[in-house]
Amino acid sequence: MKSFCPEDRIPELSPERDFEEIARLLTTCAFAWDIERALEFALFRTYAIPSISGLLDRTGEFGRCAEKRYDDTELLLSEPLENGLDSPRGRAAIGRINEMHGCYRISNEDMLYVLGTFVLEPVRWLERFGRRGMTTPERQAWTNYYRGLGTRMGIADIPADFNAFAAMNADYERRHMRFASSNRAVGAATLDLLLGFYLPRPLFWLGRPVALSLMDTPLLEAMGFAPPPGWLRRGVLGAMRLRAGILWLLPRRRRPRRVTARFRRGYPQGYEIAELGTWPKAGGCAGHRQAEDVRPQPEC
């Protein structure tokens, strides 16, 4: 008898009605490692936009508190995904995101682009490197989940489907993706943080070109990163495709892998959603601050 995996439930679910459950199963069971990596690389695409990286760089947090910034972002996005958009924890996390965003002048177009990277990059990653790509219903559900998140964040003019997101982001990148020093500053800090999850610092020089091999040329140019040697890129991409083939031979995940349940050095005793993120920690924002008015916070 074939053993049951949570992933097997997905074909029974509706991408219009059950999109939250499908997105949860994709993220915590079917493609837990791949989707987390894809979303990490999605962040680099947002850092390649000067208006986005400039705001992040001016907070000063990527130079001082890169790990906290990464943890807080991942946790705030994972709470509604793992618990439900309208669950108490999901509402609290989205409220915290909105509270932070409300303190800065962020254009709706920039918000739409970031949302689009969360829709597009996991699908594209799985098509290139996954055990399998998302099915059409899975892709529809994944898109619907982020449309629901975007609506609750107050984002306007959200595309209706995956192809519309793809067209929107491609047009946005043509108009806005270009090099700026803030791109490189934020991107380099994040890259070093991610390498630190796998390597000791003295070996970062070995890991950087491997990570850069997973980025396309326009992204590397906008970030100001030197392209890796062609032979290394081919080797890394070949190794990722080999991994995808090996995954077919391995047992599938039977227990969910939850981002919110993972131990984090910055929160050894756990965390409160209200404590995540940047200014303001509590009590709301005293006025609508422009990016130029951002002041570094005193502690991580």
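This is a short talk on how one predicted chain is packed and held together by charged pairs.

Okay, so before anything else: this is a predicted model. The average pLDDT over the chain is 90, and 90% of the residues score at least 70. The stretch to treat with care is residues 280–299, where the pLDDT is below 50. That stretch does have 39 contacts in the model beyond near neighbours in sequence, but I'll leave it there.

Let's start with the core. The largest nonpolar core has 79 residues. Which of them touch the most other members? Those are Leu 26, Phe 44, Trp 125, Trp 142, Tyr 146, Leu 214 and Met 215. If you ask which helix gives this core its largest share, that's H7, with 11 residues.

Take Phe 44 from that list. Setting aside neighbours within four places in sequence, Phe 44 is in contact with Gly 187, Thr 190, Leu 191, Leu 194, Met 215, Leu 219 and Met 223. Several names there bring us to H10, where the buried residues include Gly 187, Thr 190, Leu 191 and Leu 194. H10 itself has 16 residues and runs 23 Å from first C-alpha to last, close to the 22 Å expected at 1.5 Å a residue. For anyone who likes helical wheels, an α-helix has 3.6 residues a turn, so residues three or four places apart point the same way.

Just before H10 there's a loop, between helix H9 (162–176) and helix H10 (181–196), and Met 177 is in it. Is that Met buried or exposed? Met 177 counts as buried, because its relative accessibility is 16% and the cut-off is under 20%. Not counting residues up to four places away, Met 177 touches Arg 45, Ala 48, Ile 49, Tyr 113, Tyr 172, Pro 218, Leu 219 and Ala 222. With Leu 219, the C-alpha atoms are 7.9 Å apart in space, although the two residues are 42 apart in sequence.

For contrast, look at Thr 217, in helix H12 (residues 217–223). Thr 217 is partly exposed, at 45% relative accessibility. Thr 217 and Phe 263 are 46 residues apart along the chain, and their C-alpha atoms are separated by 35 Å.

Now H8. Its 17 residues should span 24 Å at 1.5 Å a residue, and the end C-alpha atoms are 25 Å apart, so that agrees. Among the buried residues of H8 are Glu 138, Trp 142, Asn 144, Tyr 146 and Gly 150. What do the buried residues of H8 pack against? The list is H1, helix H2 (32–47), H5, helix H6 (88–101), H7 and H9. After H8 comes Gly 154, with a positive phi near 80°.

On to the charges, which I suspect is what you came for. The count is 28 salt bridges. One of them pairs Glu 7 with Arg 132, with the closest N and O atoms 2.9 Å apart. Glu 7 lies in the segment before helix H1 (19–30) and Arg 132 in the loop between H7 and helix H8 (136–152), so this pair ties together parts that are 125 residues apart in sequence. Both Glu 7 and Arg 132 are buried.

Another one is Glu 74 with Arg 264, at 2.8 Å, N to O. Here, too, distant parts of the chain are linked: Glu 74 is in helix H5 (residues 66–83), Arg 264 is in the segment after helix H13 (230–247), and they are 190 residues apart. Glu 74 is buried, with a relative accessible area of 11%, and Arg 264 is buried at 6%.

Then there's Arg 37 with Glu 36, where the closest N and O atoms are 3.4 Å apart. Arg 37 is buried at 8% relative accessible area, and Glu 36 is also buried at 8%. And these pairs join up: Glu 36, Arg 37, Glu 40, Asp 71, Glu 74, Arg 257, Arg 262 and Arg 264 are linked in a network of salt bridges.

Last one: which side chain of opposite charge is nearest to Asp 110? That's Arg 175, 8.2 Å away, and Asp 110 is buried yet has no salt bridge. Asp 110 is in helix H7 (residues 108–129). Leaving aside neighbours within four places in sequence, Asp 110 is in contact with Ser 51, Ile 52 and Tyr 172. Tyr 172 is also one of the residues Met 177 touches.

That's it from me, thanks.

Conventions:
Residues numbered from 1 in each chain as written. Heavy atoms only, no water. Helix = DSSP H or I, 4+ residues; strand = E, 2+ residues; numbered from the N terminus. Buried < 20%, exposed > 50% of the residue type's maximum accessible area, 1.4 Å probe, protein only. Lys, Arg positive; Asp, Glu negative; His and termini not counted. Salt bridge = Lys/Arg side-chain N within 4 Å of Asp/Glu carboxyl O. Contact = heavy atoms within 4.5 Å. Core = buried A, V, L, I, M, F, W, Y, C linked by side-chain atoms within 4.5 Å. pLDDT = per-residue confidence, 0-100. Expected span 1.5 Å × (residues − 1).
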